[in-house]
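Work through the exercises below with the sequence and the model at hand. Each task is followed by a stepwise solution.

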Amino acid sequence: MKRLDAYMTVEAALVFPIVMGSILFVIYMMVFQYDRCLLEQDTGAIALWGSLAEAADTAELESKIQERMYELYRDKYVMWRFQTLEASLEKNRFFVNGEGKLSFPFAGLNYWGAGNTWSVQAEYGYNRLEPVTFIRICRKARKAVEK
């Protein structure tokens, strides 16, 4: 009877799950970071748009902003739920807050978040530029260039 050494099979059975688990974890983290970057991009874009939007009064501005936020394409987020997107105007400063949550697939291994979800928040704020202020800034810039 011929004796076969099976040590390679045992080592592969121990190493393969560790390698596959590591690769899947890295992919999951990359998708999480992708969705986080999309959330920051969307909140930043809406905040910039809201700070530059023109309206006769604050009610008209709020309705334009609400329409813009509802038009936001939310299916581009790969794995998480888009929770909130709120905009507010306070003392001529425009703020946007957004939040998203991602369900962690392995409940027992979630050491980084509360419960079974990871959550991310993004906040942006811009000063609204009034036409009078813009004209003054342009005049100052022109005087500086002329000197």
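**Exercise 1.** In this predicted model, find which residues of H1 meet which residues of H2, and sort the contact by class.

*Solution.* Step 1: on the H1 side, the residues in contact are Ile46, Trp49 and Gly50. Step 2: their partners in H2 are Leu61, Lys64, Ile65, Arg68 and Met69. Step 3: by class, this contact of H1 with H2 comprises five nonpolar, one polar and two charged residues.

**Exercise 2.** Describe how H1 and H2 are oriented, parallel or antiparallel, and give the handedness of their crossing.

*Solution.* Step 1: H1 spans residues 7-52 and H2 spans residues 58-70. Step 2: the two helices pack at an angle of about 155°, and their axes lie 11 Å apart. Step 3: angles over 145 degrees count as roughly antiparallel, so H1 is roughly antiparallel to H2. Step 4: the crossing of H1 and H2 is right-handed.

**Exercise 3.** State the volume of the largest pocket and identify what lines it.

*Solution.* Step 1: the volume of the largest pocket is about 250 Å³. Step 2: its lining consists of Ser51, Leu52, Ala53, Glu54, Ala55, Asn92, Arg128, Leu129, Glu130, Pro131 and Phe134. Step 3: H1 and helix H3 (131-146) are the elements that contribute two or more residues to this lining. Step 4: sorted by class, the lining has six nonpolar, two polar and three charged residues.

How values were computed: Residues are numbered from 1 along each chain as its sequence is written. This is a predicted model: local features need pLDDT of at least 70, side-chain atom pairs count only at pLDDT 80 or more; totals for chains, interfaces and linings use all residues. Side-chain values use heavy atoms; hydrogens and water are left out. Axes are lines fitted to C-alpha atoms, for helices over the stretch in contact, and angles run from 0 to 180 degrees between N-to-C directions. Helices (H or I, at least four residues) and strands (E, at least two) are DSSP runs, numbered from the N terminus. Angles under 35 degrees count as roughly parallel, over 145 as roughly antiparallel, 65 to 115 as roughly perpendicular and the rest as oblique. A crossing is left-handed if the near helix is turned anticlockwise from the far one by less than a right angle, and right-handed if clockwise. Contact means heavy atoms within 4.5 Å. Ala, Val, Leu, Ile, Met, Phe, Trp, Tyr, Cys and Pro count as nonpolar, Asp, Glu, Lys and Arg as charged, and the others, Gly among them, as polar. On a 1 Å grid over the protein atoms alone, a cavity is a set of points where a 1.4 Å probe fits but cannot get out, and a pocket is an open set with protein on both sides within 12 Å along at least five of seven lines; lining residues have an atom within 4 Å of a point. Grid points are joined across faces, edges and corners, and a volume is the space filled by probe spheres set on the points.
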